[in-house]
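The following exercises concern a predicted model. Each task is followed by a solution that proceeds step by step.

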Amino acid sequence: MTRFDAPVLTPGSPEEAVQAFGDGAGVTLIAGGTIAMPEIVHGRMKPQKVVLLRRSGLDKVSREGGKVTIGAAVPISELEQGDEPLATAAQNVADGEIRAQATVGGNLCAGPGRDTPRGDLQAPLLVLGAQVRSAGAGGERTESLEEFLAGDYRRRLVLDVSYSPADATGYAAFWRPHTHHYTILAIAAARANGELRVAATGVAPHAVRLSGVEQSGNAADALQGIEPPDDALASGWYRTQILPRLVEQALSSL
Amino acid sequence: MKAVGARLPRYDGVAHVTGRTQFVDDVRVGNLLWAKALRSTVHSAEIKGLDLSKAEKMKGVRAVITCADVPQNVYGHLEALGIPGDEPLLADGEVRYLGQPIALVAAEDEGTAMEAIEAIEVDYAEREPLFDIRKAADSNAPKIHQWGNWYTHFEDEMDRRQIRKGDIEAAFEMADTIVSGVYRPAAIEHIPLETQTALVVPEPSGRLTIYSCTQALYFSMGVVAAHLQWPLNKLKFVGGTVGGGFGGKVDTATETMSALLALKSGRPVKWRWTREEEFLCSSTRAPWHMEIADAVTKDGWILGRKMLTLHDSGAYARFSPYGLTKHSFHHTGAYTIPNLHFDGYVVFTNRVPTTAMRGFGVTSVSFATELHMTRVAQILGLDPFEIRLKNANRVGDTSPNGIAYADPSTVPTIQKIAEAIGHELPADYRSMNGEARQGELLPEHLVAQVGDPEAH
Amino acid sequence: MELTVNGVSREVQSPPLTPLLFVLRDELGITGPKAGCQQGGCGACTVLVDGEPRRSCLAPLAAFDGAEITTVEGLGTPEKLSTVQAAFHEHYASQCGFCTSGFLVATHALLESTKDPSCHDVEAALAGHVCRCTGYVKILEAVEAAARGDVGEVSTVTRPQEGQPEVLVPGSPA
């Protein structure tokens with residue numbers, strides 16, 4: 001079958017994965033496959049070469065000296081009992097079967113869906129001040145999640161994500177009900193070392209921090225610098241109505 | 001009579017729970033080709049150019065069909081019910097809805113079929129589409145169907161389904177209040193778990209065996225025979241195992257095209273719709289626009305009803321005139337209204353043609369009439385159960401189309417509902433029954449509508 | 001590549017990127033798992049991978065090297081239904097049957113891992129499975145009955161039980 005003829009490399013260690021990925025040119029990464037496979041099956045993505053991360057040793061979670069490091073191929077289900085607001089976000093991704101198959105790296109690098117927001121873990125990780133370690137053109141680098149998402153993140157091989165748990169967290173979301181719900185809007189908030197961080201899923205192609213709220217601590221500033229899109233789940237107008245309320249809810253648990 | 005009320009095992013239960021039930025996609029046939037459709041990417045356009053050459057020449061492609069390959073491209077599936085044909089099996093010079101099939105290919109594998117579709121070049125000259133049925137009659141509305149913007153072939157070439165009963169003007173004169181409402185249920189997609197799938201196998205005898213997921217085997221057989229201009233005995237339909245239909249698998253949407261590919265290639269062909277095709281291109285339950293104005297008395301009698309229904313048929317008529325007709329017979333719901341003025345239109349829009357879904361034509365009107373009854377109760381300050389019980393159909397009451405009810409169950413049903421939710425009814429309402437009206441339940445204005453249940 | 005399905009080791013030729021669902025259905029002729037949406041949204045393709053329920057439409061063949069796959073066909077046969085299969089049959093938890101394989105496989109995994117599942121456990125385990133026919137109530141009843149081990153003998157013959165009156169309750173649903 002022409003759709004599935006691309007060669008598949010299955011590196012057996014992080015080093016092998018980095019080598020197989022090279023600078024990412026012509027490489028399609030598949031970890032859980034929950035996002036990539038439907039694109040391939042329906043002919044929207046035509047891979048030339050696939051690097052499968054199943055056995056690449058990128059599936060470890062470690063806690064050392066207050067820092068948590070999550071490998072890119074860790075399934076989302078492993079985060080469900082972990083640190084907030086990551087845990088609540090993870091619990092509400094799709095359903096149990098998908099969560100066991102989908103990975104943190106895949107979710108981070110999801111890219112905007114054609115019709116719906118994706119990457120539910122981006123916002124919680126943003127407020128936890130996550131750092132992303134990735135390989136690709138120019139070699140390995142570690143940067144903040146914001147920098148990662150602002151850059152050529154679709155051409156990077158995420159190795160792991162690390163953060164330190166926050167002092168207080170909040171999470172509020174609004175879903176479209178389904179067997180597994182679709183996130184229309186979600187707000188993650190965290191206070192760590194006296195600093196307030198607030199991030200939103202569903203107002204932009206990837207999760208973004210709400211700088212207005214971070215500065216004032218006031219939910220009324222939620223829409224500053226934000227222009228929520230229309231998509232299959234909700235109109236931009238609707239999102240602007242709901243957003244301040246969700247921010248208020250998320251802030252109330254801090 | 002031993003089976004009535006007994007708990008019997010499903011005859012297909014064991015097959016279902018062991019994964020042995022054979023749906024169309026489960027039938028294994030060698031030498032199989034996979035079909036894919038080229039579908040319109042615009043809502044309304046003339047097809048100025050269609051270049052199939054790259055697809056036809058592609059390695060692995062074994063057949064390509066367009067409207068030119070269909071012996072009878074336009075065939076009305078309900079011609080036997082007097083609904084003339086209007087819809088081409090494959091688009092002929094124009095498209096009227098996004099997703100309308102223009103051409104199909106059959107190839108050695110699904111991926112090649114998909115690439116062949118991508119290699120077909122279509123030149124669309126887009127036209128202004130019409131999406132809002134309320135605007136169909138505007139003088140500046142685009143004319144989107146050869147019959148105008150609504151169906152014009154009801155009996156005596158009427159352009160609407162019309163019901164007139166009693167004297168509506170008198171009813172409106174007599175009324176204490178007029179209660180109006182507008183009801184607009186949206187389209188609903190059936191979402192069967194099994195997407196529409198057909199498998200056609202050419203037999204050595206020259207016949208075709210068609211594995212179909214249709215809900216109506218003989219009906220679909222007739223449709224395919226008509227499009228192919230074949231005698232029925234050249235077709236063998238295998239089916240009856242439907243992975244969810246709900247009314248959405250009566251359109252015979254895959255069988256004829258798959259048959260044409262099988263004939264052209266000489267090989268078995270399978271066409272399995274994707275979930276996207278089901279959502280975007282398969283027919284849905286129609287959107288409706290219903291306006292009701294009831295002439296009511298302050299003690300809760302519904303003297304008369306004026307109703308206008310616009311049914312969104314999508315780009316073609318399909319079964320819509322039939323659905324609207326059923327709708328019209330039920331436009332008073334479970335209640336007796338002696339004076340009626342109903343007009344219903346089957347309106348065309350540049351949307352996917354709509355079809356049957358569980359209670360075709362009637363679920364919409366039930367929705368509207370029930371909401372409207374509650375609205376009447378609210379405006380009059382009356383109990384919503386009592387107003388229903390008063391106006392409920394009883395033995396001898398006549399329907400909108402003049403049939404006298406022999407055994408309507410409205411009264412006991414409403415009483416049971418009240419009981420079930422703990423709604424106290426006054427004694428005289430608790431003791432009501434569905435027998436023929438008399439005394440206070442037969443006011444002057446209801447006398448003339450009483451009929452003879454034995455008459456039918 | 002070798003794939004062990006329902007206890008049998010099979011040699012498969014499909015390219016490594018082929019979704020497991022298509023390998024099972026098209027190459028191996030195992031048609032229990034269904035193509036309901038091919039995007040992981042419906043659960044009709046769910047199979048067990050080393051006992052864990054996974055969407056077979058979402059994972060490429062290459063991910064299953066060395067894995068043991070179980071489909072609904074591996075749970076039981078018409079001659080010897082598993083408890084879960086018998087419960088679904090007895091409680092009319094299957095109407096058109098298209099979603100049934102996925103539900104059975106997921107239920108089987110649940111009951112293997114959780115001896116006394118709560119309502120919440122059951123709903124969480126089956127959350128990814130869509131049924132358009134039953135309205136889910138009978139499915140949940142079947143799962144609860146299977147969890148209790150409360151499943152009678154299964155009959156494939158449509159005949160009312162001995163000793164039943166001619167007509168039970170007029171209009172009573174089966």
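**Exercise 1.** Determine how many residues chain C and chain A each bring to their contact, and characterise the interface by area and salt bridges.

*Solution.*
Step 1. Chain C contributes 29 residues to the contact and chain A contributes 28 residues.
Step 2. The area buried between chain C and chain A is about 2,200 Å². Carbon and sulfur atoms give 62% of that area.
Step 3. Two salt bridges are found across the interface of chain C and chain A. The side chains of A:Asp95 and C:Arg55 form a salt bridge, with an N to O distance of 2.9 Å.

**Exercise 2.** Carry out the corresponding analysis for chain C and chain B, and state which three residues of chain C supply the most buried area.

*Solution.*
Step 1. Here 53 residues of chain C are in contact with 38 residues of chain B.
Step 2. The buried area between chain C and chain B amounts to about 3,800 Å², with 57% given by carbon and sulfur atoms.
Step 3. C:Tyr92, C:Phe98 and C:Arg132 supply 17% of the area that chain C buries against chain B, more than any other three residues.
Step 4. Four salt bridges are counted between chain C and chain B. In a salt bridge between C:Arg25 and B:Asp26, the closest N and O atoms are 2.8 Å apart.

**Exercise 3.** Describe chain B as a whole: its secondary structure, extent, burial, contacts, surface and charge.

*Solution.*
Step 1. Chain B contains 13 helices and 15 strands, and its C-alpha trace spans about 80 × 65 × 40 Å along the principal axes.
Step 2. Of its 456 residues, 59% count as buried.
Step 3. Among contacts in chain B with a separation of 6 or more, 79% join residues 24 or more positions apart.
Step 4. The accessible surface of chain B is about 18,600 Å², and carbon and sulfur atoms account for 53% of this surface.
Step 5. Chain B carries 46 positive and 57 negative side chains, the centres of the two sets lying 6 Å apart.

**Exercise 4.** Explain why helix 10 of chain B is described as largely enclosed, and identify the elements against which its buried residues pack.

*Solution.*
Step 1. Helix 10 of chain B covers residues 384–391, and six of its eight residues are buried, so this helix is largely enclosed by the rest of the structure.
Step 2. The buried residues are B:Phe385, B:Ile387, B:Arg388, B:Leu389, B:Lys390 and B:Asn391.
Step 3. These buried residues pack against strand 14 (302–314), helix 9 (362–380), helix 11 (410–420) and helix 12 (427–430) of chain B.

Conventions
Residues numbered from 1 in each chain as written. Chains lettered and ligands numbered in written order. Predicted model: local features only at pLDDT ≥ 70, side-chain atom pairs only at ≥ 80, totals over all residues. Heavy atoms only, no water. Helix = DSSP H or I, 4+ residues; strand = E, 2+ residues; numbered from the N terminus. Buried < 20%, exposed > 50% of the residue type's maximum accessible area, 1.4 Å probe, protein only. Contact = heavy atoms within 4.5 Å. Areas by Shrake-Rupley, 256 points an atom, 1.4 Å probe, with all protein chains shown as cover. Lys, Arg positive; Asp, Glu negative; His and termini not counted. Charge placed at Lys NZ, Arg CZ, Asp CG, Glu CD. Buried area = accessible area lost by both parts, 1.4 Å probe.
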